[in-house]
Amino acid sequence: MYGTLGDGSTTDRARPEKVSGLEDVSAVGMGGLGRTCAIASGDLYCWGQGAGPTGQNVTLPTKVSGLTDVRAVAVGLTTCAISSGDLYCWGNNLNGQTGAGTDPTIPTPTRVSGLSDVTAVSTSHTTTCAIAAGSAYCWGNNADGQVGDGTTTNRPTPTRLDLDSPSSISTSLYSTCAVASGSGGSGTVFCWGENGSGQLGDGTEVSRQRPTPIDVRGATQVSTAGYAACAAASGSAYCWGSRSTLPDHAPSRINGLSGVTQVTTGSANVCAVAGAEMYCWGLNGKGQLGNGTTTTSNEPQPVRFPA
């Protein structure tokens, strides 16, 4: 895909390449139709599909104006960033997923009203969720109940969810999961939305329109994809839905990893930070595992970073 490396080239690479022009990078997000954004020294830079100031494709990191002290970024068809404790979103808004008006496209970063002290954000193709002032909110497309308010009505503005002390939230095309306090204590994973592939992790294929606890405890972070989800919990990685090895798609522990602090689930891959190393598994025809090969693996493979 054109410009996705961010180094000005269009060549597929099987090994990680340094993105030129960025220093002191603290976070990165990618999604949509081929856009990547990174936070560097408190500023936000984006490149790839439609990342230019007037919506053109760009092959090098381009600073997003109007945002300072950026702490987090999420990229889907919409891009959202936390700046000085407020949430700003822009891009595709056909389902109200920017939370910033009713126009089909929001061309520039626009503050999402009603939210303050924002600490986390996640956006997929058509739904966005955030944690603000200790509560969880979702908005946008709700056709499969992924907003979590008990309905299937689209919500153009943030809708507060019935979750106690949420600490992590992730929404995908059809479902959403969060880490919050539940009957099993803090670090309980809750999921809701469409469940045809068991991506809610409750051992069924029944869709849920409200947050439903699943059998993962001690979680600190959760990540969803279209038909799967994974979580970092008690130093291990757990996955469910199409990523599970269990016949009922319930959460299964990933063998061979310890000290897991973060896990990211893509459409055909999973990556995890374990100890001081990074591991990926899944499809690898384009070198997406970062281990110097193009061999697909169902087991975690260490990413080979340049010396």
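Let me start with the open sheet of four strands that runs in the order E1-E2-E3-E4, where the pairing is antiparallel; please keep in mind throughout that this is a predicted model. At the edges of this sheet stand strand E1, residues 25-31, and strand E4, residues 58-63, and because each of them has a single partner strand, one side of each is left without a neighbour in the sheet. From one strand to the next, the twist averages 15 degrees. Within the sheet, E2 and E3 pair in the antiparallel sense over six bridges, and if you look for Ile39 you will find that its bridge partner in E3 is Leu44.

Leu44 brings me to the packing. In soluble globular proteins, nonpolar side chains tend to be buried together. Here the largest nonpolar core has 20 residues, and those with the most contacts inside it are Leu44, Leu67 and Trp90. Strands E2 (35-40), E3 (43-48), E5 (70-75) and E7 (86-92) each supply at least two residues of this core. What is Leu67 in contact with, once its neighbours within four places in sequence are left aside? The list consists of Asp43, Leu44, Ala81, Ser83, Tyr88, Trp90 and Pro109. There is also a second, separate core, of 14 residues, which includes Cys80, Ile82, Leu87 and Val121.

Cys80 and Ile82 lead us to strand E6, residues 78-83. Is this strand mostly covered or mostly open? Six of its six residues are buried, so to speak of it as mostly covered is fair, given that buried means under 20% relative accessible area. In a regular strand the side chains alternate between the two faces of the sheet. In E6 both faces are covered, with Thr78, Cys80 and Ile82 buried on one side, and Thr79, Ala81 and Ser83 buried on the other.

The strands on either side of E6 in sequence pair with it. E5 is joined to E6 by five bridges, in an antiparallel arrangement, and these two strands form a hairpin with two residues between them. E6 is joined to E7 by six bridges, again running antiparallel, and this pair also makes a hairpin with two residues between the strands, where Ser84 in the turn has a positive phi of about 50 degrees. Cys80 takes part in both pairings, since it is the bridge partner of Ala74 and is itself partnered by Cys89 in E7.

Let me turn to charged pairs. Side chains of opposite charge can pair when their charged atoms come close. The count of salt bridges comes to five. One of them links Asp86 with Arg111, whose closest N and O atoms are 3.5 Å apart; Asp86 lies in strand E7 and Arg111 in strand E8, residues 105-111, so the pair ties together parts that are 25 residues apart in sequence. Another is formed by Arg155 and Asp149, at 2.7 Å from N to O, where Arg155 is partly exposed at 26% relative accessible area, whereas Asp149, at 14%, counts as buried.

I will finish with another open sheet, in which four strands follow the order E21-E22-E23-E24 with antiparallel pairing. Its edges are E21 (260-265) and E24 (297-302), each with a single partner strand, so one side of each is left without a neighbour in the sheet. Strands E22 and E23 are joined by six bridges, and Val273 stands opposite Met278 in E23.

Methods
Residues numbered from 1 in each chain as written. Predicted model: local features only at pLDDT ≥ 70, side-chain atom pairs only at ≥ 80, totals over all residues. Heavy atoms only, no water. Pairing = 2+ DSSP bridges. Core = buried A, V, L, I, M, F, W, Y, C linked by side-chain atoms within 4.5 Å. Buried < 20%, exposed > 50% of the residue type's maximum accessible area, 1.4 Å probe, protein only. Contact = heavy atoms within 4.5 Å. Axes fitted to C-alpha atoms, helices over the stretch in contact; angles between N-to-C directions. Salt bridge = Lys/Arg side-chain N within 4 Å of Asp/Glu carboxyl O.
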